[in-house]
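Q: I am new to this structure and would like a close look at a single part. Please start with one helix and then move out to what else can be described.

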Amino acid sequence: MQYTFSKEADKKVAEDLEIIIKEIRNRVPKVLSIILTGGFARGEGPIKKVGQKFIPYNDYDLQIISLQKVSKEEIDDIATKISKVLGYGGIKEIFYPFKKTNQKMAKSFYIDLKCDTPADLKKFLPRLRNYELKYASKIIYGKEVRNLIPGFKMKEIPLSDSAKFLLDRVSQLIEYYSTKEEYDPEILSYSIQQAYAACCTSLLVLVGKYETGYKKSTEIFKQNYSKYFPKLKKKIPDLDKKIEQFFLWKVNPNKKIIANLKDEWFIVKENILEVAKYFFGEFLSQDIKTEDELVEGILNMRDIFYTPYINIILKSKLGSGFGKFSKILVSGVSIILKYKYNKRLNNIGIKKKISLIGPAPELSIFASVIYLISSISRGNKIDYSKLLKGIKILKMAYPVKSKKWDEISEEFANAYIAFFMQKI
């Protein structure tokens, strides 16, 4: 099977997967199927050659289908143990709690496991990840079960999914940068590539032209940038070239640290903020020109962000005639998410409860990152008015203690991890 753009590297990945399959079968009861997803499933997995060895970047994304329910906590524990068998780090050690100084590419590779039952597959919502799981994955053990996933089309995936994906990558940029240079240059290089990939994906989804795979989407974007995004082209003339440049960097096994790394980080920061203004302007049907307008839009996008998924759930359970109740139900989403998030914070040792009033935690977290990342400019100059605005919003979702950029960015990372690494 092809996992990367290197036949030599494919052998290394195949060896790893053999061990992973064996360990999963030993540790997870009643396994029906193990499915490889993400870049490695598409044959464009990121890997680096060091001497005669190949080192995978980021993670192996694996979906387990089991007849028996397994908790998220137990799966994370199993993933950590399997990662260690392979000689890699574990997801808990890397992220809990988040420290910039702990983030080393050579040690940060891990196994990302998700486990669901056949019944769960039938309930999967139309999301990019689930679409790729159904149509762009590889079964590496067991039965064909992907036919159980609903056969939704790309156009049925709500734009909310791409909105989250784009903001995920903005978040990653802030998590890995340090004014004190307490970052691993390889990880920072990779986060820049991921940010450009998110720009490409989210914009193509916006105009209905996205196709799975970085190679395909990069080519489509390069050919159609001027045609579909003339306004953005005027603001970022070389965005298509940047996307292609970093795609080629990602798939090249002989990865070098990006030249002028700091400059490139500030360039991608500025570019992704412009892309976010454009994307959310279209998504929210608003004229968004400033960070203030972008933050306001994200904080108040509850209805447009959650309603499509509520409609889908209501339709699947009760029929199409019940969509009118979605507006009533969406008002309870923030409360439910905050209740679950408070339990999560308590489980990881944070006792302070977040008020059930106000935006959902993820909206507060995402809105805060816009101010936090825009508060820093070249030369590591800090705009404290923006920084304080970011802190104020982040406090809606996390008990922030610091007022220093690096420390706040770590607190932001812990808020992000606390919310998004729970199973809701």
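**A helix and its surroundings**

A: Start where helix α12 stops: Ser285 follows α12, and its phi is positive, near 55°. Keep in mind that this is a predicted model.

Now the helix itself. Helix α12 covers residues 261-284, which makes 24 residues. At 1.5 Å a residue it should span 34 Å. The end C-alpha atoms are 33 Å apart, so the model agrees with that expectation. Helix α12 is also mostly covered, with 18 of its 24 residues buried. In any α-helix there are 3.6 residues a turn, so residues three or four places apart point the same way.

Next, the nonpolar cores. The largest nonpolar core has 105 residues. Within that core, Leu239, Phe280 and Tyr341 touch the most other members. A second core is separate and has 30 residues, among them Val13, Leu62, Ile75 and Cys115. In soluble globular proteins, nonpolar side chains tend to be buried together.

Cys115 leads on to the cysteines. Cys115 has a relative accessible area of 7%, under the 20% cut-off, so Cys115 is buried. Cys200 is buried too, because its relative accessibility is 2%. The structure holds 0 disulfides. Cys200, for one, is in no disulfide. Its nearest cysteine sulfur belongs to Cys199 and is 8.6 Å away. A pair must lie within 2.5 Å to count, so Cys199 and Cys200 do not qualify.

Last, a sheet. It is open, has 4 strands and follows the order β5-β4-β1-β6. The pairing is mixed. At the edges are β5 (110-116) and β6 (138-142), each pairing on one side only. On average, neighbouring strands of this sheet are turned by 25° against each other, direction ignored.

Look at one pair of strands. Strand β4 takes in residues 59-66, and 7 bridges join it to β5. The two strands run parallel. Asp61 stands opposite Asp112 in β5. Strands of a sheet pair through backbone hydrogen bonds.

Two helices lie across strands of this region. Helix α1 (residues 7-27) lies across β1 (31-37), β4, β5 and β6. Its direction is at about 35° to β4. Helix α2 (residues 72-85) lies across β4 and β5. Helix α2 runs at about 145° to β5.

Technical notes
Residues are numbered from 1 along each chain as its sequence is written. This is a predicted model: local features need pLDDT of at least 70, side-chain atom pairs count only at pLDDT 80 or more; totals for chains, interfaces and linings use all residues. Side-chain values use heavy atoms; hydrogens and water are left out. The expected span of a helix is 1.5 Å times one less than its number of residues. Buried means under 20% relative accessible area, exposed over 50%, partly exposed in between (1.4 Å probe, protein chains only). A nonpolar core is a set of buried Ala, Val, Leu, Ile, Met, Phe, Trp, Tyr and Cys residues joined through side-chain atoms within 4.5 Å. Two strands pair if DSSP finds at least two bridges between them. Axes are lines fitted to C-alpha atoms, for helices over the stretch in contact, and angles run from 0 to 180 degrees between N-to-C directions. Contact means heavy atoms within 4.5 Å.
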